[in-house]
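Trainee: Could you teach me how to read a ligand site and a few backbone details from a model?

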Amino acid sequence: MTRYDLVLSPGIRIQTVSGIIDNISLAMRTASIRVVPIPEKAVVGIEVPNSSGLIVGLKGILESAAFENSKSLLTLALGKTTDGSGYVTDLASMPHLLIAGATGSGKSVSIHAIILSILYKARPDEVKFMLIDPKRVEMPIYRDIPHIYNPCTCAADADIITGPREAAAALKKLVNVMDERYTKFAKEMVRNIESYNSKMVETGGEKEFYVVVIIDELADLMIVVQKEIEDSIQRLAQMARAVGIHLILATQRPSVNVITGIIKANFPARLSFQTTSKIDSRVILDMLGAECLMGKGDMLFLPPGEARPARLQGAYVSLKEAEKVISFINGQNFPRLYEPVSAEVERNVGFNADEEKRTRDLIPALKLINERKRISQDLLKANFGGSARATNILSILETEDFITKPEGTNKWQIDYDKIKQYLEETERKACGEKQS
Ligand SMILES: Nc1ncnc2c1ncn2[C@@H]1O[C@H](COP(=O)(O)OP(=O)(O)O)[C@@H](O)[C@H]1O
Ligand SMILES: [Mg+2]
């Protein structure tokens with residue numbers, strides 16, 4: 001990509017230039033032109049793609065002084081800026097990252113670059129990855145590295161997570177891990193993982209590891225278990241930074257059903273590859289621009305709190321390079337160890353309150369279905385108020401298999417037997433509780 005800087009004569013507005021983008025791109029025989037104001041230099045930049053796409057190797061950036069001098073274990077080599085310098089940033093300070101872009105635009109390649117950046121600095125006792133890959137295509141190469149983590153299993157069994165329900169359970173459990181760490185840090189009177197770990201160095205105690213959660217295709221999870229996934233992501237995004245847990249979510253469908261307001265509000269750092277529409281660009285970056293990118297790693301990175309994104313060419317890693325790094329790590333025979341979440345914490349913290357909130361509407365909804373012998377979004381809306389709440393209830397009913405939508409139909413099928421059984425059971429339980 002080449003940037004031409006235009007100095008505008010007094011009185012000429014930038015809109016005049018952006019208004020003739022199509023003419024410029026026609027004249028230069030190239031698509032994907034972007035007009036950007038550069039206030040520092042008081043010029044207007046016109047970014048024009050080079051005809052031969054230059055590949056930016058990850059290795060070069062990993063060997064750069066900027067990467068080497070960065071102390072954070074979560075230093076990321078994202079790519080190169082338009083002036084050709086390496087762009088290095090720190091996941092710990094983001095502290096979570098949202099990635100979007102059309103199919104084939106470079107999301108998965110960027111995820112490999114992120115994982116390898118971290119593997120370059122961090123031992124498995126320092127950083128662990130919880131990898132969620134519903135498409136089962138990208139992550140399998142990492143399954144044997146000792147950094148793999150799943151709080152639901154013991155270390156030896158930890159693997160890439162692929163099923164939506166398995167993912168929901170693991171995220172839920174990670175919320176417990178977070179709560180457990182908060183308790184532990186409070187006991188040591190420290191506020192965050194950095195202070196905790198330096199205290200452990202002084203006292204000879206055991207340090208905590210960072211956890212990086214990566215979801216490649218969030219949409220695939222949200223279709224199945226939206227509410228649960230969203231609840232856990234929200235809690236983690238709001239509180240997990242201090243205890244060293246960071247999230248990276250990627251999706252090709254940045255629609256508002258997937259990147260909900262709740263998720264967006266908690267993910268200030270955004271990375272967008274080429275999107276198929278202006279609307280998608282707005283959802284992910286809150287501005288236009290991503291629809292003009294070229295694909296293949298051409299990206300806009302919006303660091304938290306900044307108004308304007310940086311245009312970068314994403315670092316490229318081939319599968320072969322990734323495999324080399326992985327076999328090097330596996331050759332080092334690191335032990336794969338971590339403590340499972342204690343049963344104590346699991347019982348005390350976390351999801352009882354959420355579970356209650358979640359099922360608060362369930363019983364009245366089931367009674368309603370039983371009474372009216374039908375179910376619809378409108379019926380729920382009329383009885384519970386709010387379409388968001390109605391949608392939630394529908395999704396709970398569906399995940400719990402009270403209602404199903406047979407393939408090829410658009411009508412809910414209701415399992416009355418199951419509903420009856422459930423209502424009777426809860427009634428019995430409630431009575432039992434009162435008596436004892
Ligand atoms: N940073 C990059 N540099 C060069 N080529 C890239 C880059 N990122 C992606 N590509 C090309 O685009 C293809 C698709 O990228 P991928 O990351 O799998 O897309 P996505 O996950 O968004 O569907 C890759 O196989 C590669 O050929
Ligand atoms: Mg992909």
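Mentor: We will go through the ligand site, then the domains, then two loops.

Mentor: This is a predicted model, in which local features need pLDDT of at least 70, side-chain atom pairs count only at pLDDT 80 or more, and totals for chains, interfaces and linings use all residues. Residues are numbered from 1 along each chain as its sequence is written, chains are lettered from A and ligands numbered from 1 in the order in which they are written, and side-chain values use heavy atoms, with hydrogens and water left out.

Trainee: Which residues come nearest to ligand 1?

Mentor: A residue counts as near when one of its heavy atoms lies within 4 Å of the molecule. Here 14 residues surround ligand 1, and G104, K107, S108, V109 and G314 come nearest.

Trainee: Which elements supply at least two residues each to that shell, and how do its residues divide by class?

Mentor: Helices (H or I, at least four residues) and strands (E, at least two) are DSSP runs numbered from the N terminus. Both α5 (107-121) and β13 (310-316) supply at least two residues each, and β13 gives the largest share, with 4 residues. For the classes, Ala, Val, Leu, Ile, Met, Phe, Trp, Tyr, Cys and Pro count as nonpolar, Asp, Glu, Lys and Arg as charged, and the others, Gly among them, as polar; the shell holds 8 polar, 4 nonpolar and 2 charged residues.

Trainee: What lies 2.8 Å from an oxygen or a nitrogen atom of the ligand?

Mentor: The side chain of K107 has an N or O atom 2.8 Å from an oxygen atom of ligand 1, and the side chain of S108 likewise has an N or O atom 2.8 Å from an oxygen atom of the ligand. At G314 a backbone N or O atom is 2.8 Å from a nitrogen atom of ligand 1. With accessible areas taken from the Shrake-Rupley method with a 1.4 Å probe, the protein covers 76% of the 560 Å² that ligand 1 has on its own.

Trainee: How is the protein divided into domains?

Mentor: The bounds come from an automatic or database domain assignment, which gives domain 1 (2-48), domain 2 (56-345) and domain 3 (361-435). Taken over C-alpha atoms, the centres of domain 2 and domain 3 are 36 Å apart.

Trainee: Which peptide bond is cis, and where is P95 found?

Mentor: The bond from M94 to P95 is cis, with omega near -10 degrees, and P95 is in the loop between β6 (86-90) and β7 (97-100). In the loop between β2 (34-38) and β3 (43-48), A42 has a positive phi near 50 degrees although it is a residue other than glycine.

Key. Polar contact = N/O pair within 3.5 Å; in protein donor to acceptor, adjacent residues only side chain to side chain.
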